[in-house]
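User: Please take a close look at the nonpolar core of this protein, and tell me how it is put together.

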Amino acid sequence: MSDVLQTILSHKSVRSFTSERLREEQIKELVSAAQAASTSSFLQAYSIIGVSDPLVKKELSTYAGSQEYVVNNGHFFVFCADFYRHREMANNLRADISETIQGTEALLIGTIDASLAAQNLAIAAESMGLGICYIGGLRNNLAGVSASLGVPAHVLPLFGIAVGYPDKVNEKKPRLPFESVYHENRYNVDKGLLNAQLEEYDRTIQSYYVDRIENNRKTTWTEQATDKLRIPKRVYMKDFITQKGWAKH
């Protein structure tokens with residue numbers, strides 16, 4: 001097994017970091033790794049905002065549900081879908097791209113580009129012995145996040161990544177079985193097979209939670225996932241995105 005594959009398969013979210021800050025050289029290496037990711041039509045429709053100011057980190061933590069590892073980490077990165085630079089480029093060339101960058105396809109391009117870049121950064125960080133944790137909770141209050149980070153129109157913060165030296169490492173969570181995720185040629189809609197796979201996975205997750213050193217629980221994955229989806233979250237999102245010039249058609 002290659003070192004890269006071993007790093008990927010060994011991933012664990014880290015939610016407790018030491019006080020050691022990342023060096024400028026490390027930050028540049030991580031961003032360079034992010035930039036090496038694939039990008040739709042070479043548009044590079046994303047930006048990364050590094051947050052080192054403790055006060056800004058505290059604001060972002062409040063928006064994200066007061067998660068302390070948003071404040072206490074080696075460095076905090078916010079990934080944004082970004083067509084601001086494209087708008088300015090077009091203005092310089094006296095071209096009108098407003099209809100394109102206001103479309104849902106542009107939102108998808110920016111989101112996908114940012115996500116690909118983020119995962120490159122995450123893998124690079126873990127290969128350097130650092131820990132990472134994605135922070136989707138920033139989307140609880142995108143108006144506040146946007147104000148704290150001073151983002152212009154056509155820049156949409158999507159999520160953060162806390163990076164740093166692990167103070168404590170969690171156990172690795174078992175993922176869904178290969179057969180549940182991978183479909184050959186056509187999507188498999190065999191409900192009997194799906195239910196059997198989910199029952200097996202529930203037993204695996206229950207065993208994991210029972211054996212977990214901290215915060216052990218008895219819930220199954222299907223119960224946990226269903227509970228998370230039972231009540232819609234962030235229902236303001238569509239209106240906010242549209243007001244900011246995204247997904248108008």
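Analyst: What follows describes the core, with a short look at a surface patch at the end. This is a predicted model in which local features need pLDDT of at least 70 and side-chain atom pairs count only at pLDDT 80 or more, while totals for chains, interfaces and linings use all residues. Residues are numbered from 1 along each chain as its sequence is written, and side-chain values use heavy atoms, with hydrogens and water left out.

A nonpolar core here is a set of buried Ala, Val, Leu, Ile, Met, Phe, Trp, Tyr and Cys residues joined through side-chain atoms within 4.5 Å, where buried means under 20% relative accessible area, exposed over 50%, and partly exposed in between (1.4 Å probe, protein chains only). The largest such core has 35 residues, and Leu30, Phe79, Leu121, Leu156 and Val163 have the most contacts inside it. At least two of its residues come from each of helix 2 (24–35), strand 2 (75–82), helix 6 (104–127), strand 4 (155–164) and helix 11 (237–243), with helix 6 giving the largest share, ten residues. Helices (H or I, at least four residues) and strands (E, at least two) are DSSP runs, numbered from the N terminus.

Leucine 121 touches Leu30, Val31, Ala34, Phe77, Phe79, Ile161 and Val163, leaving aside residues up to four places away in sequence; contact means heavy atoms within 4.5 Å. A second, separate core of 19 residues includes Val14, Cys133, Ile135 and Val151.

On the surface, by contrast, leucine 5 lies in helix 1 (residues 3–9) and is partly exposed, with a relative accessible area of 38%.
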